[in-house]
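Trainee: Could you walk me through this model, one question at a time?
Mentor: Gladly; let us put it on the screen and begin.

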Amino acid sequence: MSSRDAIDARVKDFVADLEKLVRSAALEAVTSALGAPAAAPAKGKPGRKPGRPAKAATKPAAKPAAAP
């Protein structure tokens, strides 16, 4: 491995570590602003768990406002 390759590898590692720290700080700031406790970062893709059906829309329709 050349010196240039070693430098490139260290820079990539540094950027990856920095990205994790920035994401973590952003998550903490958002959860703090919303008043929710900070949770551990999820692994994998966010969203529904495999095999679980999507929830059906069960919210009733809004009633129209009464005329004055």
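What follows is a short round of questions and answers on the fold, the salt bridges and the surface.

Mentor: A word on the ground rules: this is a predicted model, where local features need pLDDT of at least 70, side-chain atom pairs count only at pLDDT 80 or more, and totals for chains, interfaces and linings use all residues. Residues are numbered from 1 along each chain as its sequence is written, and side-chain values use heavy atoms, with hydrogens and water left out.

Trainee: How many helices and strands does the protein have?
Mentor: Helices (H or I, at least four residues) and strands (E, at least two) are DSSP runs, numbered from the N terminus. On that basis, the protein has one helix and zero strands.

Trainee: What does helix 1 span from its first C-alpha to its last?
Mentor: The expected span is 1.5 Å times one less than the number of residues. For the 32 residues of helix 1 the expectation is 46 Å, and the model comes close to it, at 47 Å.

Trainee: Which residue just after helix 1 takes a positive phi?
Mentor: The angle there is about 80 degrees. The residue is Gly35.

Trainee: Which residue forms a salt bridge with Glu19?
Mentor: A salt bridge is a side-chain nitrogen of Lys or Arg within 4 Å of a carboxyl oxygen of Asp or Glu. Here the closest N and O atoms are 3.0 Å apart, and the partners sit four residues apart in helix 1, about one turn. The partner is Arg23.

Trainee: Why can Asp8 and Arg4 be paired along helix 1?
Mentor: An α-helix has 3.6 residues a turn, so residues three or four places apart point the same way. Asp8 and Arg4 meet in a salt bridge at 3.8 Å, N to O. They are four residues apart in helix 1 (residues 3–34), which means a separation of about one helical turn.

Trainee: Is Arg4 buried or exposed?
Mentor: Buried means under 20% relative accessible area, exposed over 50%, and partly exposed in between (1.4 Å probe, protein chains only). Asp8, at 29%, is partly exposed. Arg4 has 57%, so Arg4 counts as exposed.

Trainee: What share of the 68 residues counts as buried?
Mentor: Val15, in helix 1, is partly exposed at 45%. For the protein, the buried share is 1%.
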